[in-house]
Every structure is written in structure tokens, then in C-alpha cells.
Amino acid sequence: MGGQLTFRKNKAATAHKGAIWPVILLFFAALALPVPSLSLEIKNTYTILDPPSTETDQIPHAALIWYPGGLVKGSDYTAFAKDVQEKLKGKVRFWVCLVDFDWETLIPSDPSKAQLLQEFYPGFELTVAGMVPQLEARGFKSLKDSSGNGTRYLNVFTGGHSFGGKFATTEALKSAGPMILSGTPIQSPEYLSGLQNGLDRVLLEHPYPVLITVGELDGQLRWMSLAQAFVEAIQVGLVFGKKVAAARKNIALIPGMNHMQISEGETRYERGGIDADIPTSEAISKCGDLAAAFVNVHVGAGDKQESLSELEKGLFGTTMEIVKPYLGAAGLADVTSALEQIEQGTPENDSVPWKRSNFIDYSEEDAAEKACARMQSLILPESMKARVIPMVVEKLENFLAVTPLLQESGDSEPPLVVPVCYIFRHPRGSYMKGVPRTPEYWIKLALAEDATYSFDGATDDGAISLQDFCSKQNSEVFSEAKKVATKSSLDRYNTRGIPVKFGPDVVSDVSETSLEEWTGDDYGIEVVHDDSSTTNVVRCPLLVGENFVMVKTWGPARALGYLTINSLQTPTKERDD
């Protein structure tokens, strides 16, 4: 069964749309964008896939409303939907509604006609409340809870791939319950209104069960946006045990799968897509296994222990092995320690369970301090034996204001040097504020008064070159990333990854560039493809003052991200993750 909903942007349509159109007007005004023509017509469609006709009506009913990824046809998810339905036979009568957005109107090929913010709102025409009557007309029996504000449908799941996760999240919070996502982290409702996406404890505080499947080779997803969710899933395991975490806050990484493979849509290389290691049919089947287990655990009549076991394997099996190096490199979690504690169980009388967990204390500052100390040692004269004690500051203004210390402490003690580090995450863009890139380390180092420094790489008369010391740091960090990467990631990089080389770096002087200017995007870390040598070249910006040098450099997580994801992407679209 299919259907079509039409929304014509004219005065007569205002009452039909309620408060949505005024909100859109406000956003265009806020962003100083031209208001779209009121004659714009958006035609969003949907298709309902009924359960197998042979199923008895005595088993529980459930439905999934699925929102597609950007520019992906709803029909491209048919294979996934049917796979889940087949695996739920005898356990759940399962309807699936596949939404199909009018991408041709929403994102036209002619940029002059682009209705930029329209892409946030088409899902409001295909809400849970709007679609349930269509499902009921096909035999679906909804379970309603009207005890709160409005009606909530307890046996309706929302789901979404990539961009569609925005609508799935909003509808889950508004009218439904459990949620199935793929290729996207859970997104707070503020995401839709252009406000900052609060990443802290989003998964932990989401009130309903969540299953997220992610391809190991997802080049369109920023992994740092998932990192916090992985940590939160571990926290749930520490507090409530493996089964609760697997059933309610599950993030499953599928080995060899890319961003698009929950659908039969084409890989979008221009958006960072990567060739998969497994066929699409296998990826769909693996996602279907997890989705069917998730549905059965929450509403089905099948063997729930078997389904829980499937979900546990998804979260605590291969997933943790894949994500462990990344979380460690980012300084977010010691996964090995956490898993050991989860296996040992949680004391019932522990009122603040995760306080006892030393994996939470696995500080990102440790990695930053290590990088800061190493780089300081690279620009001190070899004859100077010094104690380097790095300091990490939390605010950019403090980083800019403070002067790194180089203090002589007498004949009996070596000099004390205190360089300063600021951990920086650049927001991805204006409409995705709060979704961070992998951190960079901005480091301010002390220059020795009796040393000679060169800006052009020359090392005559014992001069210390400031053009390549950051390259040495990045090269060493990348070597360390190779040591902790999974075997499959390292094999992939060695066989089809684009090699990377570092430097020469870009040196500026405070007499020409202010500290504030240097913090802007015009002085960012460059990753440029060198066609002549088929390598990617990383060049870092430096700013030299009277007694200090500042540098923006890779962190360990960024080096690992390059090895596992960025090196596999087409040279024209390095994700700068």
C-alpha cells in the first residue's frame, strides 16, 4: 500500500500546517536567508509493507515508521524491512511504513532554488500520529497510552537512517517509544530547531529503548559524535548489567559495513563514502538480525533470552573490540577495564555506581599532556636538561592569555618548563552546532632564550627548525596509532589506504598575525592530496611570538581516525575528522 501527502506553501495551507510554517519563517530570518517562495509544493509519500498474510492474529502487533537518509529513496529500505519482517514471523505481526521524502523539491539541483531549511521539516507531515490511522486501516492494532500529554503508541517503533534519525528521535519523544537508528547517533530534539545539540548523556537520558547500528566503514558519520554514546552504553552496563544495556541502550558496529548498506542506495563518495568489505545483502541481514531481536525483546512473543543474547553480542562483542582503540586514543574510556567490571557485576548497594569505575577517569588530558611534553622537548636545545610539566587549560581565552614558563631553578636543579595545551573541537557547521570533530591539541610552547630557531627548515649552526618539529610529533602519533589499531583496520590501510606524510608546516609571526586571527579557520590543519606522489600531506599552522610558539596538531584519536576512515576516502573529500 502506498500513499501521498501534499503540502503546498500558500496562505490556504497555513491552517493545515499549524505552527510549523511560522517557525520556518523565524529560522530564515535568524539566518538572514531569503524566505522561500510561498508557491513551493512538497510531495512526500509513504509505502506500507504488511506482515506475511499467513501469520496468525493472536501474536502481538508492532509497527515501524522509517525515515530515510538524505537523498535516499524510501524503497531502497524495502530489503531491510522485509528481512526484519521475515525474522519476526511467529513472534510479532510487524508492519513497516517507509517514508519517501520529496528530495527533488527539498534539495533541488539548481542551487539558486535551494530551500535550505526545508530539509529539516518534511518529516512533520508523516508523523506517528498521522500514520497510525493508515496502519490501523491495514489491520494493525495499536496500543495507546493517553495518561500523559497526548497519545503515545506503545507498540510503534520509529526508525531512521542518517539524516532520518532527526525525525525518528522527535517522533519517538512525542508519540512513540523504542527507536531503531542506523548511521547516526541519537539526536536531541534541539537538533531540529537549529540549537546546540547537547551530546552529554543524550543516550543515557533518552527515556525509551534505543538500538543503533553503525558500519565499521561509515565515512559519512563523525565518530566523535558517537563516542559519548559508546561511553554511556558502557555506563548502563556498569549500573544495570549487560542485559539491560543490550536491550535498552545498544550501539552495534557491523564489521566491513559502510554508511549506505542498510539500504540499497548507492555509496556517495563525494560525501565521504567508503567501499564496503561485505556485500549489501550481508549488511542488511546483520542489521535485520539486531532489529528483529530488539523488537522481539520489547513487544514480541518469541524467545526473549535468545534475542537478548543476539543484542549482547552486538554491543559487547565485536563492537567493543572495534571501538576500544578509538575511545582509548580519544582519552574517553578504558574499555578493557569497563568490560571486566561489567562481567564481575554491580553491587546493589552502590548508590553512585559509575563513581567506582576507573574507566571514567581515563582522562583525555593524559594524551594531551603527553603530546605537549613531547613537543616541548623537541624545541629545547639538546644540551638543556629540563623538567617539563605540561598544563591543560579548559578555555580558549586562558590559553591565549597565559605565557608558557621557562624558569631557571639554580645549579642543582634543571630548568622548569611549563608548556600549555588547549583541547579544541571545532563545530561541524552552523546547523550542526555541538557535533564535534575529533579533538585537535592547540599547544603553546616556551622558546629558550639562548637557543637559535629557524622558520625555513635550516639547521645551520645548531639552529632548531620550527618548520618540522610538529611534523615529527604527528608522525610519531601516527606510528602509535598503527600499534593500537585493530588488525582489520591496519590491513585495510596497508592495502588500500592513501599514505600520509607530514609537513613542512606553515609558520606565521605575531608581528603579522594576531593570536585571535590564528585561532580562526584560515589557520587550520591542512590535509592536501599530492597527486604526484599519491599521498595526503598534513601541514600544521604555527605562530611564533617573542618567547613562545603556538601550534595546532593532531591528537591520537585524529591519527587513528585517519588510519581507519579518512585514508580510505576519495582524495577530493577528506572529512577532516
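Here are some friendly notes on the model above, which is a predicted one.

1. **The S3-H3-S4 unit.** A good place to start is the stretch from strand S3 to strand S4. Strand S3 covers residues 61-67 and pairs with S4 in the parallel sense, over 6 bridges. Helix H3, residues 78-87, joins with S3 and S4 in a right-handed β-α-β unit. If you want a landmark for the pairing, look for alanine 63, which stands opposite tryptophan 95 in S4.

2. **How covered S4 is.** Strand S4 spans residues 93-100 and is mostly covered, with 7 of its 8 residues buried. As background for viewing any strand, side chains in a regular strand alternate between the two faces of the sheet.

3. **A sheet of three strands.** Further along the chain, have a look at the open sheet ordered S11-S14-S13, whose 3 strands show mixed pairing. Its edge strands are S11 (387-388) and S13 (405-407), each of which pairs on one side only. Between S13 and strand S14 (residues 416-418) the pairing is antiparallel, over 3 bridges. Here leucine 406 stands opposite valine 417 in S14.

4. **The nonpolar cores.** The largest nonpolar core has 111 residues, and those with the most contacts inside it include Ile65, Leu327, Ile379 and Phe469. Helix H8 (residues 224-240) supplies the largest share of this core, 10 residues. There is also a second, separate core of 38 residues, with Phe94, Val96, Ala283 and Cys287 among them.

5. **Tryptophan 554.** This residue is also listed with the most contacts inside the largest core, so I would zoom in on its surroundings. Leaving aside residues up to four places away in sequence, tryptophan 554 touches Tyr441, Asn474, Phe478, Val500, Phe502, Ile525, Val538, Ala559 and Tyr562.

6. **Threonine 564.** Is this residue buried or exposed? Threonine 564 has a relative accessible area of 19%, and it counts as buried because the cut-off is under 20%. Threonine 564 lies in helix H19, residues 556-564. Its side chain reaches the backbone oxygen of leucine 560 at 2.9 Å. Not counting residues up to four places away in sequence, threonine 564 touches Leu217 and Ser489.

Terms used:
Residues are numbered from 1 along each chain as its sequence is written. This is a predicted model: local features need pLDDT of at least 70, side-chain atom pairs count only at pLDDT 80 or more; totals for chains, interfaces and linings use all residues. Side-chain values use heavy atoms; hydrogens and water are left out. Buried means under 20% relative accessible area, exposed over 50%, partly exposed in between (1.4 Å probe, protein chains only). Helices (H or I, at least four residues) and strands (E, at least two) are DSSP runs, numbered from the N terminus. Two strands pair if DSSP finds at least two bridges between them. A crossover is right-handed if, with the strands pointing away from the viewer, the path from the first strand over the helix to the second runs clockwise. A nonpolar core is a set of buried Ala, Val, Leu, Ile, Met, Phe, Trp, Tyr and Cys residues joined through side-chain atoms within 4.5 Å. Contact means heavy atoms within 4.5 Å. A polar contact is a pair of N or O atoms within 3.5 Å; within protein, one must be able to donate a hydrogen and the other to accept it, and residues adjacent in sequence count only if both atoms are side-chain atoms.
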